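Reader: I have just opened this entry and would like to understand the terms used for it. Could you show me the picture, and then we can talk it through?

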Amino acid sequence: MGPDRERALPERATSARGLDVAAVPDRLMASWRRSEEYGVSLESVDPVFAGTGASDTLFFQCGQEVLSGLHETLANEPVSLMLTDAEGLVLQRMSGDSSLLRALDKVHLAPGFAFSEREAGTNGLGLALADRVPSLVRAEQHYSSSLCVYTCAAVPVLDPVTGRLEGAVNITTWSRSRSDLLLALAQSAAGNTAALMLARSTGRAPRPTPKGEVFRVESARLEPGAGTAHALSAAWVEAVTRATVALESGRVVAVVGESGVGRTTLLAQAIRRARPHDRILNARVPAPQDVEAWLSAWGPEIGKHSTAVILSDVDELPAWTETPLLDLVTESIAPDWLDAPMLRRPVPVSVTARSFRTIPESLALLVDTVIEVPPLRDRVEDVLPIARHVALRTRGRAVDFTPAAERALSTCGWPGNTEQLVRVIRQAAARGEVIDIHHLSAEVLTGSRHRLTRIESLEREEIARCVAQPGTTMRAAAAQLGVSRATLYRKMAQYDLHVPR
């Protein structure tokens, strides 16, 4: 244990708890350091009442159902089951132990109060949300001494379709109680919540587990999203131009926008313009447990004159990575960097995130230029050019679209943005030389944002397939489905299905 690491620990906290510094895990030490920087009191926590959170979300409804079932099983146990949002706001709390509830009220671990690291220092749910991995914080490991009578286990819950952090399941008990199975219990509840969310989602496939791919773009090629389709809307062209000018000036650029909107694609196009001879290394954030290996995979490349690095989805990084990531970036800046000509300056890194606010603070301080990519629903004129480009790349030759298919594509709301459009067109292009409306999946034909069960999703797909057949009538479609025309019209209204003719 080096002296630097010892000094980094809050000395009063370690001495007050009688902890052996060498036995303190790195994650816990990083959390304590952040708590100290946030100015959290070592004696007590006093989080601000933030009001009740949203109770109409799929995450809340599924989480409450899972915790209610678990509460019935543990009604006589001294445990408190909690559901929090992504900011640490306690949404729900259940316990059959009145003395535990009264004690939790005294430290404000109750619905309406936020218990993130920033408000309450190191605690189970705050650490789980910060690092995006299951966390167990025992009595003496809490930053504030007022929490040292509890042991907390918390597990983050990610939306199984989008991968977005929705919140956490937290289980708290007395520190004197056995905590052997506490984390396993929280993991089971979080897993059941995510599974229930998937079952009640729109029927889309779960998001693949992030693997933290690191790949180089040696020449222009199809990227996730719009790829190399450059003849797009004025909004897209303006954003690419702004990013190009910033990169040419040696600035660090952050591209923000909704998931799947083409943030990495925009950066790649801008880099191609600003530095046509550079190779582009795109590092996609992996699952939290793989971050250390991911950093070592691309870290040595950062700062090289011939390499442009894009860090995608940096807002999904665990909190503990801020320090090593900042070290990687700042160490890559050579002393003579400012003396180099503009077009030869090695810009350390460009980043993408949902918004500037969600970028890790240490990285946000390095950002000079923020560029927002509008969602695809606000760039309707881009839909057909991107669709034709993707179809061309899928089949290796130009693919025609019928007027009905073009109208359906242009009027779709595209909640999944360009990423959803690319997936739909790839599937459709594989079905024929000319893309007609019956080649498109049902999600293109519905304007409803209502979440469907798996049975409802299958029913919608079958109705869309029948009514979209070329030359079919509503009478023929109803007969094929084995229902009356009135029922067919009612079902189409229920699913908000629109089939251009």
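Reader: What share of the contacts in the protein chain with a separation of 6 or more comes from residues 24 or more positions apart?
Author: That share is 70%, where a contact means heavy atoms within 4.5 Å. A word on the background: this is a predicted model, in which local features need pLDDT of at least 70 and side-chain atom pairs count only at pLDDT 80 or more, while totals for chains, interfaces and linings use all residues. Residues are numbered from 1 along each chain as its sequence is written, and side-chain values use heavy atoms, with hydrogens and water left out.

Reader: How many helices and strands does the protein chain have?
Author: The chain has 19 helices and 13 strands. Both are DSSP runs numbered from the N terminus (helices: H or I, at least four residues; strands: E, at least two).

Reader: What percentage of the residues count as buried, and what does the word mean?
Author: Of the 501 residues in the protein chain, 53% count as buried. Buried means under 20% relative accessible area, exposed means over 50%, and partly exposed is in between (1.4 Å probe, protein chains only). As for the accessible surface of the whole chain, it comes to about 22,600 Å², and carbon and sulfur atoms hold 52% of that.

Reader: Let's try that on a residue. Why is Asp159 called buried?
Author: Asp159 has a relative accessible area of 6%, which is under the 20% limit, so it is buried. This residue sits in the loop between strand S4 (150-158) and strand S5 (165-174). Ala194 is 35 residues away from Asp159 along the chain, yet their C-alpha atoms are separated by 6.6 Å.

Reader: And what makes His108 partly exposed?
Author: The relative accessible area of His108 is 23%, which lies between 20% and 50%, so the label is partly exposed. His108 belongs to the loop between helix H5 (98-106) and helix H6 (117-120). It also has a positive phi of about 65°, although it is not a glycine.

Reader: Which class does Asn417 get, buried or exposed?
Author: Asn417 is at 0% relative accessibility, so it counts as buried. Its phi is positive too, about 60°, although Asn417 is not a glycine. You will find Asn417 in helix H16 (residues 417-429).

Reader: How do you know that Leu421 is buried?
Author: The value for Leu421 is 0% relative accessibility, so it falls under the limit. Leu421 is found in H16 as well. Leaving out residues up to four places away in sequence, Leu421 touches Leu376, Val383, Ile386, Ala387, Leu409 and Trp414. From Leu421 to Val390 the C-alpha distance is 9.0 Å, with their positions 31 residues apart in sequence.

Reader: Now the helix pairs. Why are H14 and H16 called oblique?
Author: Their axes come within 9 Å and cross at roughly 45°. Axes here are lines fitted to C-alpha atoms, for helices over the stretch in contact, with angles from 0 to 180 degrees between N-to-C directions. Angles under 35 degrees count as roughly parallel, over 145 as roughly antiparallel, 65 to 115 as roughly perpendicular and the rest as oblique. The angle of roughly 45° falls in the rest, so H14 and H16 are oblique to each other. Residues meeting across this pair include Val390 and Ala391 in H14, and Val422 and Ile425 in H16. The contact of H14 with H16 has nine nonpolar, two polar and two charged residues (Ala, Val, Leu, Ile, Met, Phe, Trp, Tyr, Cys and Pro are nonpolar, Asp, Glu, Lys and Arg charged, and the others, Gly among them, polar).

Reader: What makes H14 (residues 383-395) and H15 (residues 403-411) oblique?
Author: The axes of H14 and H15 cross at roughly 120° and come within 9 Å. That angle is over 115 but not over 145, so this pair is oblique. Val383, Leu384, Ala387 and Arg388 in H14 meet Glu406, Leu409 and Ser410 in H15. By class, four of these residues are nonpolar, one is polar and two are charged.

Reader: Which label suits H3 and H7?
Author: Helix H3 (residues 26-38) and helix H7 (residues 124-131) cross at roughly 100°, their axes coming within 11 Å. The angle lies in the 65 to 115 range, so H3 and H7 are roughly perpendicular. Here Arg27, Ser31 and Arg34 in H3 meet Leu127, Ala130 and Asp131 in H7. Two of these residues are nonpolar, one is polar and three are charged.

Note on methods. Areas by Shrake-Rupley, 256 points an atom, 1.4 Å probe, with all protein chains shown as cover.
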